[in-house]
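Please look at the structure shown below, and then follow the questions and answers, which ask how certain descriptions are reached.

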Amino acid sequence: MKLSEIKLILRKLDVIGFLLPNNTLVPKHFHITEVGKTTKHFIDCGGTVRKEEVVNFQLWNANDYNHRLHPEKLLDIIALSEKVLDLKDLEIEVEYQGDTIQKFGLDFNGELFKLTTKATDCLAKDKCGIPVEKPKVKLSDLNDEPCCAPDGNCC
């Protein structure tokens with residue numbers, strides 16, 4: 001989800017809720033303690049220099065049960081961040097404390113923001129010898145036509 005998308009959604013919401021990938025809710029008394037821009041400048045294993053930027057939200061579960069983050073307040077925080085940090089319309093990455101800091105993508109299911117899983121990947125498979133995966137075929141999906149019949153599929 002991009003920054004422009006969350007702003008449109010927030011304008012229509014009365015309350016904000018986040019759902020973890022395991023379908024448990026982030027406690028309602030969460031805070032967004034940071035809105036920022038994260039830049040990753042790196043060289044992949046094939047020697048290509050790359051640069052990635054995302055808007056970063058950090059969710060924090062506080063013991064403050066009396067204050068909930070409302071959509072209009074988050075919109076204000078985003079607006080200030082756009083102005084001060086010169087944020088562009090980038091993808092959003094969300095940090096949340098699990099066993100360690102976890103990073104998630106962001107989606108919306110019509111009611112709640114969904115924290116989506118992310119995965120590592122090799123960006124230079126063609127240069128570092130990673131074999132291309134062959135498509136898996138079930139034998140049951142193959143044509144049942146006899147091989148040696150007239151007009152068969154063997155020749």
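Q: What do β4 and β5 form, and how many residues are between them?
A: In this predicted model, β4 and β5 form a hairpin, with 3 residues between them.

Q: How do you know that β4 and β5 pair, and in which direction do they run?
A: Two strands are said to pair if at least two bridges are found between them. Strand β4 (residues 92-97) and strand β5 (residues 101-108) are joined by 4 bridges, and they run antiparallel. The 4 bridges satisfy that cut-off, and therefore β4 and β5 count as paired. Within this pairing, V94 stands opposite F104 in β5.

Q: What makes β5 and strand β6 a pair?
A: The reasoning is again a matter of bridges, since at least two are required. Between β5 and strand β6 (residues 113-116) there are 4 bridges, with the strands running antiparallel, and so β5 and β6 count as paired. Here D107 stands opposite K114 in β6. The hairpin of β5 and β6 has 4 residues between the strands, and in this hairpin G110 takes a positive phi near 100 degrees.

Q: Why does L80 count as exposed?
A: A residue is called exposed when its relative accessible area is over 50%. L80, which is found in helix α2 (residues 71-85), has a relative accessibility of 52%, and therefore L80 counts as exposed. Together with V84 and L85, L80 forms a nonpolar patch on the surface, and the accessible area of the three together is about 280 Å².

Q: Why does E5 count as partly exposed?
A: The term partly exposed is used between the limits of 20% and 50% relative accessible area. E5 has its place in helix α1 (residues 3-10), and because its relative accessibility is 39%, E5 counts as partly exposed. On the surface, E5 gathers with D89, E91 and D107 in a patch of negative charge.

Q: What is notable about phi of N23, and why does N23 count as exposed?
A: Phi of N23 is near 70 degrees, which is a positive value in a residue other than glycine. N23 is found in the loop between β1 (18-19) and β2 (30-43). Its relative accessibility is 59%, set against a cut-off of over 50%, so N23 counts as exposed.

Q: Why does D86 count as partly exposed?
A: D86 is found in the loop between α2 and β4, and its phi, near 55 degrees, is a positive value in a residue other than glycine. Because the relative accessibility of D86 is 45%, which lies between 20% and 50%, D86 counts as partly exposed.

Terms used. Residues are numbered from 1 along each chain as its sequence is written. This is a predicted model: local features need pLDDT of at least 70, side-chain atom pairs count only at pLDDT 80 or more; totals for chains, interfaces and linings use all residues. Side-chain values use heavy atoms; hydrogens and water are left out. Patches are made of residues with over 30% relative accessible area and no salt bridge: like charges are joined within 9 Å, nonpolar side chains (Val, Leu, Ile, Met, Phe, Trp, Tyr) within 5 Å. Accessible areas come from the Shrake-Rupley method with a 1.4 Å probe; for residues, only the protein chains shown count as cover. A salt bridge is a side-chain nitrogen of Lys or Arg within 4 Å of a carboxyl oxygen of Asp or Glu. Lys and Arg count as positive and Asp and Glu as negative; His and the chain ends are not counted. The place of a charge is taken as NZ of Lys, CZ of Arg, CG of Asp or CD of Glu. Helices (H or I, at least four residues) and strands (E, at least two) are DSSP runs, numbered from the N terminus. Buried means under 20% relative accessible area, exposed over 50%, partly exposed in between (1.4 Å probe, protein chains only).
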